[in-house]
Amino acid sequence: MEMRKPLSFLLVKPAGPDCNLACKYCFYSCKDEYFGSGTRHRMSFDTLEIMIRQALGRPGAAMSFGWQGGEPTLAGLDFFKQAVELQTQYGKGMRVSNSLQTNGILIDQGWIDFLKKYSFLIGLSIDGPEHVHDHYRLDFAGKGSHHKVEQVAKEMLANDVAVNAISVVNNYSAQYGKETYEYLKSLGFTYLQFIPCVETDPTGKRQAADFSVTPQQYGKFLCDVFDLWEKDVRNGVPTISIRGFDNYLGMYLGYESTECVFKHTCGDYLVVEHTGEIYSCDFFVEDAWRLGDITKNGNMEEMLNGKRQQLFSRMKAKVPDKCLKCEWRPMCHGGCTKDRLRDPRDKRMSHFCESYKMFHAYSSKRFIEIAKEFKKHH
């Protein structure tokens, strides 16, 4: 019998797939057709209230809400003020936290004051210096968004907003790992996250889209960035946090992965779309993994522990025989399920299998030394 999972994190899409940018590599913009193209997608107050009441109106010590999109700030500042009021109303005695991933376009001083006051953790999408960021992150007029995003980054950091840099690694940006690291560091970021991009070719060809980072490119990118990150480690403690590297360091220290990508199974959270429909994962908002609807008396805790979500969770553990024999299996467990599906040339192996092999062979001994330093000083 599987242990019952606690409902502790929701990934919420208050504006559905709507966005005010037209990033060429976006995997979520196609959901516009799924939810009705040409319409304005917004979560209603009633749906917001049902979601928060369900999440907080039960026994539990902590609950986290991650607000994403599309672009979640399109829901408006008043929507988020209502969300915080409802969290205060229903979350008595619980630790309630919020994170928000944004492209930064709508962020002004009013947003900054709100985000700081209520301790939102911000993930700001910024792919790197101007030529890197503006290669794919364009508006609907085809103009780059870097100038605005850099300005917002500086303002958030100056106002002591808890903000991380989230950078997508694509076929272009992968060539500039060292430049991107140094650029983000020069802005004042101390928390970075690099997300490798792989999507299926939209033309119908059985291959990854041309903007996807190749396994070789991503492996080299990780090695390049690791060299710089390692130089910024002091007594076993990174002074620049990179989510993936911090996760690996924790694993070398004997802890389980904190990232679902590298766990044996996944499915520990739920996605709440603007309609109130619940899905298994951000990358699987589709009919096959639609778990229910909270506006029609669906119960999120039951969905999280239901047979459908258990099936989704176990799907990650079904790795090819090649993975079972790999020395690096404990470090990746086959990677993210979606990375096995987005490149149709091999539906069972992760698109990034060779990337992980390259990186772990390059970094393993050095991670072990960093872990030793950490234990010596802590």
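A residue is described here as buried when its relative accessible area is under 20%, as exposed when that area is over 50%, and as partly exposed in between. The structure under consideration is a predicted model. On this scale Glu302, with a relative accessible area of 45%, is partly exposed.

Glu302 takes part in a salt bridge with Arg4, in which the closest N and O atoms are 2.7 Å apart. The two partners come from distant parts of the chain, Arg4 from the segment before β1 (9–12) and Glu302 from helix α10 (residues 300–304), with their positions 298 residues apart in sequence. In the whole structure, 19 salt bridges were found. Side chains of opposite charge can pair when their charged atoms come close.

Two further pairs also join distant parts of the chain. Glu199 forms a salt bridge with Arg342, with the closest N and O atoms 3.1 Å apart. Glu199 lies in the loop between β6 (191–196) and α8, whereas Arg342 lies in the loop between α13 (329–332) and α14 (353–377), 143 residues apart. Both Glu199 and Arg342 are buried. The salt bridge of Asp227 with Arg366 has its closest N and O atoms 2.8 Å apart. Because Asp227 belongs to helix α8 and Arg366 to helix α14, this pair ties together parts that are 139 residues apart in sequence. Asp227 has a relative accessible area of 17% and therefore counts as buried, while Arg366, at 24% relative accessibility, counts as partly exposed. In addition, a network of salt bridges links Lys5, Lys263 and Asp268.

The nonpolar interior was examined next. The largest nonpolar core has 84 residues, of which Leu10, Met51, Phe65, Trp67, Phe189, Phe245 and Met300 touch the most other members. Helix α8 (residues 215–231) supplies the largest share of this core, eight residues. When residues up to four places away in sequence are not counted, Met300 touches Leu7, Leu10, Met51, Gln54, Ala55, Leu270, Val272, Ile278 and Ile294. A second, separate core consists of 12 residues, among them Tyr28, Tyr279, Trp289 and Phe312.

Phe312 is also one of the buried residues of helix α11 (residues 307–315), together with Gln309 and Ser313. These residues cover an arc of only 100° around the axis, which means that they lie on the same side of α11. The buried residues of α11 pack against β10 (270–272), β12 and α10.

Helix α6 (residues 146–158) was considered in terms of both its length and its faces. At 1.5 Å a residue, its 13 residues should span 18 Å, and the 18 Å between its end C-alpha atoms agrees with this expectation. The buried residues of α6 are His146, Val149, Glu150, Val152, Ala153 and Met156. Seen down the helix axis, these residues fall within an arc of 160° and so line one face of α6. An α-helix has 3.6 residues a turn, so residues three or four places apart point the same way. The buried residues of α6 pack against α4 (109–117), β4 (121–125), α5 (130–133), β5 (163–169) and α7 (177–187). On the face turned away from the buried side, α6 carries the exposed residues His147 and Ala158. The helix is followed by Asp160, whose phi is positive, near 60°.

Two acidic residues were examined in the region of β11. Glu277 is found in strand β11 (residues 277–279), and its relative accessibility of 14% places Glu277 among the buried residues. The side chain of Glu277 makes polar contacts with the side chain of Thr275 at 2.7 Å and with that of Arg290 at 2.8 Å. Leaving aside neighbours within four places in sequence, Glu277 is in contact with Phe35, Val271, Val272, Arg290, Gly292 and Asp293. Asp282 lies in the loop between β11 and β12 (290–293). With a relative accessible area of 8%, Asp282 is likewise buried. Apart from residues up to four places away in sequence, Asp282 touches Leu11, Lys13, Phe27, Tyr28, Gln68, Tyr269 and Val271. Val271 thus appears among the contacts of Glu277 and among those of Asp282.

Technical notes:
Residues numbered from 1 in each chain as written. Predicted model: local features only at pLDDT ≥ 70, side-chain atom pairs only at ≥ 80, totals over all residues. Heavy atoms only, no water. Helix = DSSP H or I, 4+ residues; strand = E, 2+ residues; numbered from the N terminus. Buried < 20%, exposed > 50% of the residue type's maximum accessible area, 1.4 Å probe, protein only. Polar contact = N/O pair within 3.5 Å; in protein donor to acceptor, adjacent residues only side chain to side chain. Contact = heavy atoms within 4.5 Å. Expected span 1.5 Å × (residues − 1). Arc of directions from axis to C-beta. Core = buried A, V, L, I, M, F, W, Y, C linked by side-chain atoms within 4.5 Å. Salt bridge = Lys/Arg side-chain N within 4 Å of Asp/Glu carboxyl O.
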